[in-house]
Structures are given as structure tokens and as C-alpha cells.
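Colleague: I should like to go through this structure step by step. May we begin with one residue and the helix around it?

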Amino acid sequence: MFDSRSQPITPLAFAGLGLGLLCWAFLHQFRVYYRLRHFPGPFFARFTNLQRVFWVQTARSHEIHTQMHNRYGDFVRMGPNMISISDANLIPAVYPIRPGVPKGNFYRTLMPYSRQGSAMPLIFNTRDEALHMKLKKPIAPIFSLSNVLTFEKYVDQILDLLFTQLDQRFVGRETPFDLGEWLQFFAFEVMGTMTFSRQYGFLEKGCDGNGLLGAIWNYMKTAAPITQIPWFDLVWYKNPLAAALRPTTGMPILNIVRSAIEERQATLQKKPKPKSTGDDEAANRGDFLSRFFHVQMKDPSVPPWAVTAWTFSNVIAGSDSTAVVMKTLWYNLLTHPNSMQKLSDELAQAKSKITRPYPTWTEVASLPYLDACVNEAIRLHPPFCLPLERVVPKEGMSIGNGDAQRFLPGGTVIGMNPWVVNRHRPTFGDDADVWRPERWLVGADRYRAMEGSVLTFGAGRRVCLGKNIALLELKKLTSALVLNYETTILDAAQFQVENRWFFRQWDLQVTIKRQS
Ligand code: HEM
């Protein structure tokens, strides 16, 4: 009888095995190269994603992606299996409302990972379309505009805190300070208060005292290069051995969320249980956390960890992103005195009386110039600036019209970079790179066309859930600041940007006085 254990492995067998592996690797690489050979792109992108990693590490990948599209056209092969698309008209094809074009592994790298458990899926990062619906459907109504307005009182509360601090620390002292940092503090405090009625203390202390903001930035910076080679995430970060040996980057944020939830759970347990779960009205007067608990109580199909996932989503997706747009908006208002003057005149001459010191949403929501400035800032500086990746369904799909139509085989990763799309010249004009709010004031049809072509909030099935909250904050904060303060930028050249997938800015040094 043949006994394999007794057969020594000969050098010849080794050589055969090595040769077999080499052939397999070669054929695999050739197949990967061949599938997308029709798409133009930089040479190395046909064979490796490392170039994409390198681009991210330069912190200027938005510029590199723009150059690539200028050079190669609307469809660019940026990796062996990745096609980047730049034509704003193709947004509905790449990001359809229907299911079937799920998010790619890019998003797995953005899942928080803890030592206790595995990666936590959030509405934002889950690739599983059924789970996405399960998480999103029960809470989507909370984010509708009418519901969001029930959170307006929280914005006023934080505006009050911001103004008190600005008055005490900077007004009348000619002391320069980083307005960008204070806008970030503001956005975080608003989300913390709306979400779990807690302030982090950034505004009161005037700094990132507990290191939360640093931790979030670190989390984004660590994840950014890995998003381009997601397999590496499993080897280097998301496995029990790696997690046991070093702290995971998402931990401090999760800890704050968990402690707020535990505190609330303890309070709820002390209270007498309601006779029915039907008191929607009472629950909907509270913060997000009370509404999330209410939703969970009413719907047994909601997973037990959903409240943590929803709460974490609010903190991580809703604070820094809004702050980034605020910073761009303020940088541009301060460096374009003409825009500042127009906005100030609009507020002064508004037909309906504007409440001081904090205008209400109803008073400012439809002021055309304010709206144009907000839209222009949203267009010019998207806070998430790498292609938002999706996976082509296995039957493949055709994208584009006429001669420009391309067939993408199943499994191909496709995506559009909001920075590139928002500067699509045929859509936004030849001056797409510059601040010009007036482009939004040329009629309803043009406005709608441009609005549908801005990718800052994503699009389709996975479009941002918190857009109404962001707009509420942006319009209220901007109008309140313009009405109450006279702000002067010190040195516009100091303002810097850094794109690590999350695309943030630094150093918006200003001085302020109270408006006379
Ligand atoms: C100016 C501010 C904001 C910007 C630019 C922004 C941008 C985005 C983008 C680009 C996406 C989709 C990403 C993709 O396709 O991969 C997204 C999704 C999401 N955003 Fe926002 N966001 C902002 C504010 C907020 C706020 C304030 C909240 C919540 C309070 C929020 C919650 C979410 C959630 C839950 C999703 C996931 C939606 C889904 O997958 O169904 N965002 N956001």
C-alpha cells in the first residue's frame, strides 16, 4: 500500500511546486491585467494598488486624482481592479437607488474594531445590503427635515456657549485665534448635545482636553492608506492577535459612546417602565439617544448593538464633516470681502425679521445668498476625498451613453472622488476651481442640475443621512456669526489642507470684534 508519510519530498517536487505557484501567480496577474486592459491609466496601476497607497500618503491625492482624469479621461484605471469615474452625469449609474451595487472592502477598513469583539458595522460602513436596510430603516425618519428641526434648540444652546467663550476669550483683546478649531469644537458639541445631551468640554476648555479629536484624526489617518489595499487591514489591524498586542485606533471614541449609553441605560432602568411603547411624541422631544432607545424598544428585529452603532455613527460621521464645510465657508467669506458684504446685506435687509442673537432656521433657510454660499462651500471642499467605492454586480454593468459607454465586468471596484466630480467643468463651468457663490443664483433648473451633481454627501442608496442636520448647523452658525461679529483673517496663506480620505484644514487665524 502507498504510504505518503514514508516518501521524502525531493528537490524536484519542491521545484515543481514552486514553478506551479509561479505559473498560477503569473496567470492570475495576467487575468487581472487583461480584464480591464481597455481602460487607460498610469502604467503601475495595471499591476498594483501600491501607487494608490502612495498617493494617499502624499496627503494630496485629490490633486493627483484630478491630474489623472485630466490626462486619461472620465474613466481611469487607478488599480488592477479599480476604475475611477469623473463625469458628474454618471453619478446615478455609479450610485443607484436600487440595491445591487454594494460598498467595497474600502469600507471594512473604516469599521471600528475592539479587543472584545470583532469589527462593528455602522450604517455608513456596512457592505451587507440587508444589514444596511435593517440598521437604516428604523431610524431614517429621525433624520427627516421636519424631525431635524426638533433638534434646533440644541444648536442654539451650543451657539450660546460658543458666543460666551468668544466674548470672554477673544473679543476686544485683538488676540488671534484659530477659528477653524473653534468651529470644530462647535460642531462636536452640537452633535454630542443632540446625540446624548453631553458636552465634551471643548468649548469650555478651549482645547481638545480629552484627546477625542486627536483620536478621531488618528483613526482616519491610520485607515486612509489601508482603504486602498483592504486585504492588509485583516493582516495588520483586524485580527485578534494584532488587537491583543496594541490598542485599536477606534477605541477612545467607542468608549465615550459606550459610557454615554450605559449611563442612559442605568437612568432608564431606574425609571418606571412605560405602559406601552407608544409614546412617540415624548420620545421625540428628547435627544438622539432617547429616540434610538425608543426605536429599539418598539422593534424587536433591531439588533441589540444597534444603539451603539447609531450613536457612534452620529459622533464619527456627523461632527468633523460639518466642521470641514464650516471652515471652508468661513475661509472663503473672509478672503472674499465682496461675498461677506453681500451676505451681511442680505441678513440686514431680510424681509422677515431675523431673531437676535441666534436666527431661527425658518428665518434663514431660504435666504438665497446664504444658501449659495453654503452650497459653494459644500461643493468646493468635500470632507471625504477618495473615490467612494462600490462593487460592480457579478453580471457586470454598462455605464455611460453612446460612444462613451463602457462595460465594467462583475467584481470591478468603481468609484468617484467628490473633489474631482464637484469640479467637473462641463457641469460647473470653467471656473469650477474657484469660489463663486453666484453660480447658484442663475435659476431653479440650473440650481437643481448642479445640486444633483455635487457628490459631497454621496448619492443614491447610501446618500448621507445627516445632510439636514449639517445644513441646519451651517446656516444657523453662519448667519449668527455674521450678524454678531466682525471677523478678520490674519494671513490667508497660513490656511492649509491635508487629505487623508478625511480631508481637513489647519490654521484659520483670525481676530474678532462684536458688530457695532
Ligand atoms: C457637511 C456634513 C456632512 C458631509 C459632507 C457628509 C458626507 C457623507 C457622505 C459622503 C456619505 C456617504 C459616503 C459613501 O457613499 O461612502 C455620508 C453618509 C452618512 N452620513 Fe454624512 N455627512 C455629513 C454630515 C452628517 C451628519 C451631521 C450625520 C449624522 C448626524 C451624518 C450621518 C451619515 C450617515 C449615518 C451616513 C450613512 C448613510 C448610509 O450609508 O445609508 N452625516 N455622509
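Modeller: Certainly. The model is a predicted one, and we may start with H132, which belongs to helix 5, residues 129–136.

Colleague: Is H132 buried or exposed?

Modeller: The limit for a buried residue is a relative accessible area under 20%. H132 has a relative accessible area of 2%, so it counts as buried.

Colleague: Which residue's side chain is joined to that of H132 by a polar contact?

Modeller: Leaving aside residues up to four places away in sequence, H132 touches I123, T126, R461 and R462. A polar contact of 3.0 Å links the H132 side chain to the side chain of R462.

Colleague: Why do the buried residues of helix 5 lie on the same side of it?

Modeller: The buried residues of this helix are L131, H132, L135 and K136. They lie on the same side of helix 5 because they span an arc of only 125° around the axis. In general, an α-helix has 3.6 residues a turn, so residues three or four places apart point the same way. Here, the arc that places the buried residues on the same side is 125°.

Colleague: Which residue has a side-chain oxygen that reaches the backbone nitrogen of A130?

Modeller: The contact is found at the start of helix 5. The distance to the backbone nitrogen of A130 is within 2.9 Å, and the side-chain oxygen belongs to D128.

Colleague: How many disulfides does the structure hold?

Modeller: A disulfide is a covalent bond between the sulfur atoms of two cysteines. C23 is partly exposed at 43% relative accessibility, and C464 is partly exposed at 33%. The number of disulfides in the structure is 0.

Technical notes
Residues are numbered from 1 along each chain as its sequence is written. This is a predicted model: local features need pLDDT of at least 70, side-chain atom pairs count only at pLDDT 80 or more; totals for chains, interfaces and linings use all residues. Side-chain values use heavy atoms; hydrogens and water are left out. A disulfide is a pair of cysteine sulfur atoms within 2.5 Å. Buried means under 20% relative accessible area, exposed over 50%, partly exposed in between (1.4 Å probe, protein chains only). Helices (H or I, at least four residues) and strands (E, at least two) are DSSP runs, numbered from the N terminus. A polar contact is a pair of N or O atoms within 3.5 Å; within protein, one must be able to donate a hydrogen and the other to accept it, and residues adjacent in sequence count only if both atoms are side-chain atoms. Contact means heavy atoms within 4.5 Å. The arc is that of the directions from the helix axis to the C-beta atoms.
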